[in-house]
Amino acid sequence: AENFRLLQSNLEFFQTYNSAKTILVTSPVQGNGKTTVAANLALSFAMSDQKVILVDSDLRRPSVHKALKISEIIHARIAAKEVVRPVKGKRTDVITAGHIPPSITEVINSKRIGAILNELRDEYETIIVDAPPLIIADSYNLASKVDGVVLVIEPGLTKDDQAKVIKEQLSRAGARVIGIVFNKVSETNAKTY
């Protein structure tokens with residue numbers, strides 16, 4: 001919990017000097033813990049009395065709705081406020097991806113995601129977007145629609161050269177990397193960094 005408060009505090013400091021309401025959380029590959037980081041980061045922002053929403057935009061392998069036992073559809077052609085659900089017992093709202101749409105690339109490449117994020121900007125102080133891993137091209141498109149990107153990396157799985165390539169690809173997509181989270185770090189492997 002303390003690590004998430006520290007991450008949230010660092011992002012709040014960044015938000016003070018940069019207009020960054022929408023923060024996308026992604027990772028190089030599946031299994032790095034990006035959804036866990038995104039969900040806990042949203043809860044941490046909510047605990048600091050910010051009005052926050054978590055948006056599950058991983059349409060290929062949505063998982064936020066499973067964890068919260070909610071099923072809504074981000075790609076439905078209805079207003080975002082109609083699919084916003086409060087997280088029971090928390091001061092956080094959520095939009096879940098629900099079932100997998102027939103044409104994911106069409107949904108991501110459409111203006112729908114951008115319209116949802118713009119609609120949410122008026123209602124929320126912070127918008128956390130749980131995105132697909134960067135092995136999926138959708139992530140780069142999504143990253144270009146937010147104010148900042150937090151990259152979740154598991155030590156030992158992402159090499160320095162891979163991280164540099166990812167940073168270059170995100171820059172080419174017009175995304176701004178605002179932080180890196182080293183996830184699943186034990187006391188033993190923390191000493192090696």
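Which residue forms a salt bridge with Arg121? Asp147 does, and the closest N and O atoms of the two are 3.1 Å apart. The pair connects distant parts of the chain: Asp147 sits in the loop between α6 (138-143) and β6 (148-153), while Arg121 belongs to helix α5, 26 residues away. Asp147 counts as buried because its relative accessibility is 14%, and Arg121, at 21%, is partly exposed. Keep in mind as we go that this is a predicted model.

Let's step back and take in the whole chain. It has 193 residues, 48% of them buried, and it is built from eight helices and seven strands. Take the contacts between residues at least 6 apart in sequence: 80% of these join residues at least 24 apart. On the outside, the chain exposes about 10100 Å², with carbon and sulfur atoms supplying 53% of that area.

Now for the sheet. Strands of a sheet pair through backbone hydrogen bonds, and they can do so parallel or antiparallel. Here seven strands make up an open sheet with mixed pairing, and reading across it you meet them in the order β3-β4-β2-β5-β1-β6-β7. The edges belong to β3 (85-86) and β7; each has a single partner strand, so one side of each goes without a neighbour in the sheet.

Start from the β3 end. β3 and β4 run antiparallel and are joined by two bridges, with Pro86 finding its bridge partner in β4 at Asp93. On to the pairing of β2 with β4: these strands run parallel, and four bridges join them. Asp93 turns up here too, as the bridge partner of Ile53. Strand β4 itself covers residues 92-95, with Thr92 and Val94 pointing one way and Asp93 and Ile95 the other way; all of them are buried.

Further along the order, β1 (residues 22-26) and β5 run parallel, with four bridges between them. If you want a spot to look at in this pairing, find Thr22, which stands opposite Ile127 in β5.

Strand β5 also takes us to the next salt bridge. Asp130 and Lys34 bring their side chains together at 3.0 Å, N to O. Asp130 is in strand β5 (residues 126-130) and Lys34 is in helix α2, so this bridge too links distant parts of the chain, 96 residues apart. Is this pair buried or exposed? Asp130 is buried because its relative accessibility is 0%, and Lys34 is buried as well, with a relative accessible area of 7%.

Since Lys34 has brought us to α2, let's follow that helix. It spans residues 34-47, 14 residues in total, and reaches 20 Å from its first C-alpha to its last, close to the 20 Å expected at 1.5 Å a residue. Its buried residues are Lys34, Val37, Ala38, Leu41, Ala42, Ser44, Phe45 and Ala46. For reading that list, recall that an α-helix has 3.6 residues a turn, so residues three or four places apart point the same way. Just after α2, Asp49 adopts a positive phi of about 65°.

A little further on is Lys51, which takes part in another of the structure's three salt bridges. Its partner is Glu123, and the side chains meet at 3.8 Å, N to O. Lys51 lies in the loop between α2 and β2 (52-56) and Glu123 in the loop between α5 (112-121) and β5, so the pair ties together parts that are 72 residues apart in sequence. Glu123 is partly exposed, with a relative accessible area of 48%, and Lys51 is partly exposed at 39%. Compare that with the Asp130 and Lys34 bridge, where Asp130 is buried and Lys34 is buried.

We can finish at the other edge of the sheet, with β7. This strand covers residues 177-182 and includes Phe182. Phe182 is partly exposed, with a relative accessible area of 46%. Together with Ile180 and Val185, Phe182 forms a nonpolar patch on the surface, and the three have about 260 Å² of accessible area together. Recall that β7 is one of the strands at the edges of the sheet, with a single partner strand.

Terms used:
Residues are numbered from 1 along each chain as its sequence is written. This is a predicted model: local features need pLDDT of at least 70, side-chain atom pairs count only at pLDDT 80 or more; totals for chains, interfaces and linings use all residues. Side-chain values use heavy atoms; hydrogens and water are left out. Patches are made of residues with over 30% relative accessible area and no salt bridge: like charges are joined within 9 Å, nonpolar side chains (Val, Leu, Ile, Met, Phe, Trp, Tyr) within 5 Å. Accessible areas come from the Shrake-Rupley method with a 1.4 Å probe; for residues, only the protein chains shown count as cover. A salt bridge is a side-chain nitrogen of Lys or Arg within 4 Å of a carboxyl oxygen of Asp or Glu. Buried means under 20% relative accessible area, exposed over 50%, partly exposed in between (1.4 Å probe, protein chains only). The expected span of a helix is 1.5 Å times one less than its number of residues. Contact means heavy atoms within 4.5 Å. Two strands pair if DSSP finds at least two bridges between them.
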